[in-house]
Amino acid sequence: MECGAAGRFSEEQFREACAEIQQRAPAGANWELLVETLGFSIYGLLDQQTGLYEYKVYGVLDDCPPALLADVYMDLDYRKQWDQYVKELYEKECNGETVVYWEVKYPFPMSNRDYIYIRQRQELDVEGRKIHVVLAQSTSVPQFAERPGVIRVNRYKQSLAIESDGKKGSKVFMYYFDNPGGQIPSWLINWVAKERGLRWYWITADCLGTWLDENHSACFGDLLPGGRAQHIPWRVKSAQALSQIHNGVPNFLKDMAKACQNYLKKT
């Protein structure tokens, strides 16, 4: 997903998101169905350059109308109330463009990540169907220098398309990719992203330990501020414990749906 002139997104990019929500599954043979549960399907496509997956998520959020869902997604101040992983989140005008700064809390002993990105929202009419689309992508501006002890995520892309499910809820499509940096193994990032519904960086140390071999140590270069590597042994638990970690629900979308109910009371 490349930005158009002056950092804005093209009309074609918005139309592509609309097409995805109509298809309900990715086009192309290389997309792999990773998990299907509770009305959500998560597909992955391996990025050969990084070894990480791009993700496409399709599903339905009950009792959350499209316009409300889009409003909640765009309201950064409100997100700081319902998203416990936000350390800092705000908009700033940079060279005539609105840029978002977002710092995400990571579990100890990993370092926090931060994002600098632009976003744009449009409401499109597709053959009489109203579809809300939000596009976002990382950018770089001198007003946001990197901070000590926080790892900058330089590759981040997301698109969100929302339309009515014909009842009281919303059909949702989300595309997501980021490279969190540091020295966390790509296989671990990929697995936990699938299992935790694209919120892999908010897992606990116990969840990490479940999947790392008991005869090896994990070496992460971002465990402490300054990037000093540490070797930490993790114990493997039983296969039954693995299956109980999570069943793959996209937590972010579910949390946003809950936030919609409180947003109605707030407004």
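Which helix of the chain has the lowest confidence, and which strand the highest? Here are some notes to help you find your way around.

1. Please keep in mind that this is a predicted model. Confidence is lowest in helix α6 (residues 239-244), where the mean pLDDT is 32, and highest in strand β7 (residues 129-138), with a mean of 96. Across the chain the mean is 75, and 70% of the residues reach 70 or more.

2. Two stretches deserve some caution. Over residues 1-7 the pLDDT stays under 50, and the model gives this segment 21 contacts beyond four places in sequence. Residues 196-249 are also below 50, with 132 contacts beyond near neighbours in sequence. Where pLDDT is low, the predicted coordinates should not be read in detail.

3. A good place to start looking is the largest nonpolar core, which has 28 residues. Those with the most contacts inside this core are L69, V72, L160, L253 and M256. Strands β1 (32-37), β2 (40-47), β3 (52-61), β9 (156-164) and β10 (170-178) each supply at least two of its residues, as do helices α2 (66-74), α3 (76-82) and α7 (251-266). The biggest contribution comes from α7, with seven residues.

4. What does L253 touch, leaving aside its neighbours within four places in sequence? Its partners are F40, V57, L61, L160, V172 and M174. Try displaying L253 together with these residues in your viewer.

5. There is also another core, lying apart from the one above and made of 25 residues. Among them are L124, V133, L135 and Y175.

6. Helix α2 is worth a look of its own. Seven of its nine residues are buried, so the helix is largely enclosed by the rest of the structure. The buried ones are P66, L68, L69, A70, V72, Y73 and M74.

7. How many disulfides does a search of the whole structure find? The search turns up one, formed by C64 and C260, with their sulfur atoms 2.5 Å apart. The link joins distant parts of the chain: C64 sits in the loop between β3 and α2, C260 belongs to helix α7, and the two are 196 residues apart. Both C64 and C260 are buried.

8. Two further cysteines can be checked for burial. C18 counts as buried because its relative accessibility is 1%. C94 counts as buried as well, because its relative accessibility is 1%.

Definitions and conventions: Residues are numbered from 1 along each chain as its sequence is written. This is a predicted model: local features need pLDDT of at least 70, side-chain atom pairs count only at pLDDT 80 or more; totals for chains, interfaces and linings use all residues. Side-chain values use heavy atoms; hydrogens and water are left out. A nonpolar core is a set of buried Ala, Val, Leu, Ile, Met, Phe, Trp, Tyr and Cys residues joined through side-chain atoms within 4.5 Å. Buried means under 20% relative accessible area, exposed over 50%, partly exposed in between (1.4 Å probe, protein chains only). Helices (H or I, at least four residues) and strands (E, at least two) are DSSP runs, numbered from the N terminus. Contact means heavy atoms within 4.5 Å. pLDDT is the predictor's confidence in each residue, from 0 to 100. A disulfide is a pair of cysteine sulfur atoms within 2.5 Å.
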